[in-house]
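Biologist: Could you take me slowly through one part of this model, and explain each term as you come to it?

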Amino acid sequence: MNAREPSLSDGDYARLCELIYREAGISLGTQKKIMLEARIRRRLKALSLAGFGTYCDLVFSRNGLKEEIPQLIDVVTTNKTDFFREPKHFDFLAAKALPEFSADNRLGRPLLIWSAGCSTGEEPYTLAMVLSEYAAAHPGFRFRIVATDVSSTVLAKADRGVYTKDLLRPVPEFMQRRYFLRSRDRASNLVRVTPELRRPIEFRRLNFMDSDYGMTEKADAIFCRNVIIYFDRPTQARILGNLASYLVPGGYMFVGHSETLHDMNLPLAPVAPALYRKIDG
């Protein structure tokens, strides 16, 4: 690090905040300068750059706008997640939503669930476990999961499906045995998701600021949990409105327990805490 440039200047911070907001919709405000500095230092080291000013010159160059912005978004995004996080949602899915979908004679096609903001994959793999258990008890039931995130780095980790054993603590023991493979190296602390569990999941990159989310069919349920808290209120409403347009009438929208749709003009009616249903018509 260049000793003459120990920190990110206020001007460069403002420029980067504007760029991040425009490209990813994430609003950092005036309080996240130290956080952004710490995360950009990783890129300075990776790129062997002298300081923040040099980094900003790169980001705002013609090539940088194309090549470095995805990396910048990667370091900015927070990717905290767990298996079976907010478990009541999965209880509702298994006990209420799946039997309901089956009764509605939707088995003519695979059920589609979208994990929007899937991070490192714990949520879509949890969904796959719940759906696989239901399918085992209900012959003919089929499903697909689309899992999206803006960060290419976390998507690559999710697609690999490799985790440390301690992360499996929320997973029931029988599911651990059924859906995770231990390493042949007994000293290893790693497990891998089984190919059978990975097979129905499609991972793809998606930026919520894109005008087209690229979904060719509508989902029966969307999990977008603990994601919109990073956006300002107008952006939250726009993202949720876009997501709702990809939801079938009567489909479910799951959000985080710290998130609310209050005062948003959306075709979604509350069902339970952090759970909404698309209004028919």
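Modeller: Helix 11 covers residues 233-245, where helices (H or I, at least four residues) and strands (E, at least two) are DSSP runs numbered from the N terminus. The expected span of a helix is 1.5 Å times one less than its number of residues, so the 13 residues of helix 11 should span 18 Å, and its end C-alpha atoms are indeed 18 Å apart, which agrees. This is a predicted model, in which local features need pLDDT of at least 70 and side-chain atom pairs count only at pLDDT 80 or more, while totals for chains, interfaces and linings use all residues. Residues are numbered from 1 along each chain as its sequence is written, and side-chain values use heavy atoms, with hydrogens and water left out.

The buried residues of helix 11 are Thr235, Gln236, Ile239, Leu240, Leu243 and Ala244, where buried means under 20% relative accessible area, exposed over 50%, and partly exposed in between, with a 1.4 Å probe and protein chains only. These buried residues cover an arc of only 165° around the axis, which puts them on the same side of helix 11; the arc is that of the directions from the helix axis to the C-beta atoms. What covers them includes helix 1 (10-24), strand 1 (111-116), strand 7 (219-224), strand 8 (247-255), strand 9 (268-272) and strand 10, with contact meaning heavy atoms within 4.5 Å.

Strand 10 (residues 275-278) holds Lys278, a residue that is buried, with a relative accessible area of 13%. Leaving aside residues up to four places away in sequence, Lys278 touches several residues, among them Ala244, Ser245, Leu247 and Leu268. Ala244 is also one of the buried residues of helix 11. The side chain of Lys278 reaches the backbone oxygen of Leu247 at 2.8 Å, a polar contact, that is, a pair of N or O atoms within 3.5 Å, where within protein one must be able to donate a hydrogen and the other to accept it, and residues adjacent in sequence count only if both atoms are side-chain atoms.

On the other side of the sequence from Lys278, the loop between strand 7 and helix 11 contains Asn226, which is buried, with a relative accessible area of 13%. Asn226 has a positive phi of about 60° although it is not a glycine. Most residues other than glycine have a negative phi.
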